Amino acid sequence: MASFTGRVVLITGGTSGIGAAIAEVFLLEGASVIAVGRNKYRGQLQGFPRFESFCFDVTSPAAIAGLRELVEEDYERLDVLVNCAGVAGERMPLAETSAEDWANVFATNVTATFEMMKALTPILSKSDQGRIINIASTAGIDPLPRSGAYSPSKAAVISLSRLYAHELATQKSRITCNVVCPGLVKTRMTENIPKEAWDAAVARIPTGRTTYLHEVAELVLYIAKSDSNKQVFRIDGGMRS
Ligand SMILES: NC(=O)c1ccc[n+]([C@@H]2O[C@H](COP(=O)([O-])OP(=O)(O)OC[C@H]3O[C@@H](n4cnc5c(N)ncnc54)[C@H](OP(=O)(O)O)[C@@H]3O)[C@@H](O)[C@H]2O)c1
């Protein structure tokens, strides 16, 4: 029997890029996967019988309440929550980042992660192996030049993940909380990076290549199978800003 047979995994941002790659590895391990995005999913995972995608905007408190209701009523359990939904925002110096963009990036990357963890903890705590895995970025450790609100938002995701892991552990919860920091990955989020900036970023990676989707997905699966807690997993080929 596959190791996640009978288990339910919810992935915000599971409708594209890194989140969809994470969805695939859990499907192959036998899990039922709920993928969430603002737009409808139209990829190859639709062929999996245990895959369902839903349109929810995680920056909306009403949507998060609706998502919690959906999990409780239609799935009746939750074993793994992956907060992967994210936006890059404007690529520019901090001094030129607009208040609107700052608020939008923090609402999606940080506040939604915080609200999802809070809303889903009661149902996750009923699992014998509840897992929260948040997707931050190597930019949250070494801030990337001209990344505007993005690097600070990912630093906040790392901090809130570690704090929540600490709180859960001190409450003797069975839920673990870890955070994954990918480096540069080819996805919709990075497709518009100008060639010059892309080449310069790849040149800062000692392995000389970007991180592959399946590498991030397999790391998330490994963490979900492990008892590790409060850890920051960097997967970026040694990239530095
Ligand atoms: N690609 C990289 O190099 C890289 C590196 C480090 C970390 N990351 C992180 O990895 C995560 C996934 O990014 P990606 O590269 O796979 O980009 P992507 O292909 O653009 O995926 C982003 C996902 O987030 C969803 N999303 C965005 N805002 C949302 C909202 N308000 N409500 C619900 N869903 C929302 C998107 O769906 P909709 O647009 O339909 O809402 C999509 O499914 C992000 O957190 C990103 O910061 C990426």
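**Exercise 1. Overall fold**

Among contacts in the protein between residues at least 6 apart in sequence, what percentage join residues at least 24 apart? Then work out whether the radius of gyration agrees with that of a compact globule.

Solution. The model is a predicted one.
Step 1. Of the contacts between residues at least 6 apart in sequence, 69% join residues at least 24 apart.
Step 2. Take the rule for a compact globule, 2.2 Å times the number of residues to the power 0.38. For 241 residues it gives a radius of gyration near 18 Å, and the protein has 17 Å, so the two agree.
Step 3. Along the principal axes, the C-alpha atoms fill a box of roughly 50 × 35 × 35 Å.
Step 4. Of the 241 residues, 45% count as buried.

**Exercise 2. Order of helices and strands**

State how many helices and strands the protein has, and give their pattern along the sequence.

Solution.
Step 1. There are six helices and seven strands.
Step 2. From start to end of the sequence, the pattern reads β-α-β-β-α-β-α-β-α-β-α-α-β.

**Exercise 3. The helix α1**

Check the span of α1 against its number of residues, and decide whether α1 is mostly covered or mostly open.

Solution.
Step 1. The expected span is 1.5 Å times one less than the number of residues. The twelve residues of α1 should therefore span 16 Å, and its end C-alpha atoms lie 17 Å apart, which agrees.
Step 2. Eleven of the twelve residues are buried, so α1 is mostly covered. Among the buried ones are G17, I22, A23, E24 and F26.
Step 3. After α1 comes G30, which has a positive phi, near 100°.

**Exercise 4. The nonpolar cores**

Which residues have the most contacts inside the largest nonpolar core, and which residues does A23 touch beyond four places away in sequence?

Solution.
Step 1. Nonpolar side chains tend to be buried together in soluble globular proteins.
Step 2. The largest nonpolar core has 59 residues, and those with the most contacts inside it are I11, I22, A23, F26, V33, V82 and V220.
Step 3. Leaving out residues up to four places away in sequence, A23 touches I11, G14, V33, A35, L45 and F51.
Step 4. A second, separate core has six residues, including A88, A139, L144 and Y150.

**Exercise 5. Around the ligand**

Describe the shell of residues around the ligand by distance, origin and type.

Solution.
Step 1. Of the 28 residues around the ligand, G13, G17, G37, R38 and G86 come nearest.
Step 2. Both α1 (17–28) and β2 (32–37) supply at least two residues of this shell. The largest share, three residues, comes from α1.
Step 3. By type, the shell divides into eleven nonpolar, 14 polar and three charged residues.

How values were computed. Residues numbered from 1 in each chain as written. Predicted model: local features only at pLDDT ≥ 70, side-chain atom pairs only at ≥ 80, totals over all residues. Near = placed C-beta within 6 Å. Helix = DSSP H or I, 4+ residues; strand = E, 2+ residues; numbered from the N terminus. Nonpolar A, V, L, I, M, F, W, Y, C, P; charged D, E, K, R; others polar. Core = buried A, V, L, I, M, F, W, Y, C linked by C-beta atoms within 7 Å. Buried ≥ 20, exposed ≤ 12 C-beta atoms within 10 Å, placed from the backbone. Contact = placed C-beta atoms within 7 Å.
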